Amino acid sequence: MKITVLHGQMHHGSTWHITQLFINALQNETAQISEFYFPKDGPAPCIGCFQCFLKGENYCPHAEAVQPIAASIEASDLVILESPCYVYGMSGQLKSFLDHMAYRWMSHRPHPSMSGKIGLCISTAAGLGSGRTAKDMQQNLFYWGISKLYRYSVNVSAMNWETIDPKRKARIEKQVSTMVSRIQKSAGAVKPGLKTRFLFSIMRLNQKGNTWNLTDRNHWVANGWLPAGKTDR
Ligand SMILES: Cc1cc2nc3c(=O)[nH]c(=O)nc-3n(C[C@H](O)[C@H](O)[C@H](O)COP(=O)(O)O)c2cc1C
């Protein structure tokens, strides 16, 4: 199994440790893991130039930093996003990378490999907000076209891994192990769900009438999702 992990922070806190529990349990002789730590491995924030949408992802001024990560995601079976909850959402640095992936949303140019992938989103908060943070990250994966989605969120009542109550840690380990079994069961047998197929068909209708962004439309034609029409180059 190929796994790409996007770490929404550089430090080894509660969220990172829980992510390691997942990685260690999923690791075997065939697993290949690529990890990216933000902001160190990520691009500068999106400047809103629209070049990725209108001309192509390689025209992004930050393509050199974005594309190796996008390629790793596209080559993976499992994509993991992890972030502590910062003011009720994911970290700014992870969000900043996800902004760069807007061109991969189903409304633009979804990558054909997405429908066979699994997504996992992990978050911790001290008191409140880990659930909505994980959901927020998961929304990105859903709109990329990944439909087999898992999320693990926990409010840890702590500022770091070392100070989490041992009983809570034991509970976390048990929950992680249950989720890993579910992930392993779904591996290799992922099919797009009803919600994804429905949204995809709406997006196809939208692309059918799209005469203003041929970069997007041509992608749909090239992937065989739309017949070539008069407007296609
Ligand atoms: C900038 C910042 C914002 C935070 N915002 C929240 C919050 O909205 N809700 C919450 O319960 N905890 C919040 N926390 C606490 C962390 O989410 C919590 O301690 C988390 O488990 C830290 O994960 P880490 O050890 O992986 O960094 C915040 C912490 C920081 C540093």
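## A walk from the ligand outwards

Start by selecting Val 87 together with the ligand: a backbone N or O atom of Val 87 sits 2.9 Å from a ligand nitrogen atom. Keep in mind as you go that this is a predicted model.

**Stop 1: the ligand**

Stay with the ligand and add Thr 15. An N or O atom in the side chain of Thr 15 is 2.6 Å from an oxygen atom of the ligand. Now add Thr 124, where a polar side-chain atom comes to 2.7 Å from a ligand oxygen atom. How much of the ligand's accessible area does the protein cover? On its own the ligand has 640 Å² of accessible area, and the protein covers 72% of that.

Next, show everything around the ligand. The shell holds 17 residues, and the closest are His 11, Thr 15, Cys 85, Thr 124 and Gly 127. Colour the shell by residue type and you will find 11 nonpolar residues, six polar ones and no charged ones. Which elements should you highlight here? Helix α1 (14-26) and strand β4 (118-125) each give at least two residues to the shell.

**Stop 2: helix α1**

Select residues 14-26 to bring up α1, one of the elements that supply the ligand's shell. The helix has 13 residues and runs 19 Å from its first C-alpha to its last, close to the 18 Å expected at 1.5 Å a residue.

Which residues of α1 are buried? They are Ser 14, Thr 15, Trp 16, Ile 18, Thr 19, Gln 20, Phe 22, Ile 23 and Leu 26. You have already met Thr 15, whose side chain has an N or O atom 2.6 Å from a ligand oxygen. When you read along a helix like this, remember that an α-helix has 3.6 residues a turn, so residues three or four places apart point the same way.

To see what covers the buried residues of α1, switch on the strands β1 (2-7), β2 (32-37), β3 (78-84), β4 and β5 (148-155), along with helix α6 (166-186); the cover includes these.

Before leaving the helix, click on His 17, which also belongs to α1. Leaving aside residues up to four places away in sequence, His 17 touches His 12, Trp 161 and Glu 162. For a sense of scale, draw a C-alpha to C-alpha distance from His 17 to Asp 216: they are 39 Å apart in space and 199 residues apart in sequence.

**Stop 3: the loop after β2**

Move to the loop between β2 and α2 (51-54), where Pro 39 is found. The peptide bond joining Phe 38 and Pro 39 is cis, with omega at about 10°. Phe 50 is in the loop between β2 and α2 too. Its phi is near 70°, a positive value in a residue other than glycine. Both features are worth a look, since most residues other than glycine have a negative phi, and most peptide bonds are trans. Is Phe 50 buried or exposed? Its relative accessibility is 51%, over the 50% cut-off, so Phe 50 counts as exposed.

Now pick His 62, in the loop between α2 and α3. His 62 is buried, with a relative accessible area of 17%. Its contacts, not counting residues up to four places away in sequence, are Pro 43, Ala 44, Pro 45, Ile 47 and His 100. The C-alpha atoms of His 62 and Pro 43 are 5.9 Å apart, although 19 residues separate them in sequence.

**Stop 4: Tyr 88**

Go on to Tyr 88 in the loop between β3 and α4 (92-100). Tyr 88 has a positive phi, near 70°, and is not a glycine. With 39% relative accessibility, Tyr 88 counts as partly exposed.

**Stop 5: helix α5**

Finish with α5 by selecting residues 130-144. Its 15 residues should span 21 Å at 1.5 Å a residue, and the end C-alpha atoms are 22 Å apart, which agrees. The buried residues of α5 are Ser 130, Thr 133, Ala 134, Met 137, Gln 138, Asn 140, Leu 141, Phe 142 and Trp 144. They pack against α3 (63-74), β3, α4, β4, β5 and α7 (194-208).

Zoom in on Asn 140, which is buried at 9% relative accessibility. A polar atom of the Asn 140 side chain lies 3.2 Å from the backbone oxygen of Asp 136. Setting aside residues up to four places away in sequence, Asn 140 touches Met 90, Leu 98 and Trp 105. The last residue to click is Gly 145, just after α5, with a positive phi of about 110°.

Conventions. Residues numbered from 1 in each chain as written. Predicted model: local features only at pLDDT ≥ 70, side-chain atom pairs only at ≥ 80, totals over all residues. Heavy atoms only, no water. Near = heavy atom within 4 Å. Polar contact = N/O pair within 3.5 Å; in protein donor to acceptor, adjacent residues only side chain to side chain. Areas by Shrake-Rupley, 256 points an atom, 1.4 Å probe, with all protein chains shown as cover. Helix = DSSP H or I, 4+ residues; strand = E, 2+ residues; numbered from the N terminus. Nonpolar A, V, L, I, M, F, W, Y, C, P; charged D, E, K, R; others polar. Expected span 1.5 Å × (residues − 1). Buried < 20%, exposed > 50% of the residue type's maximum accessible area, 1.4 Å probe, protein only. Contact = heavy atoms within 4.5 Å.
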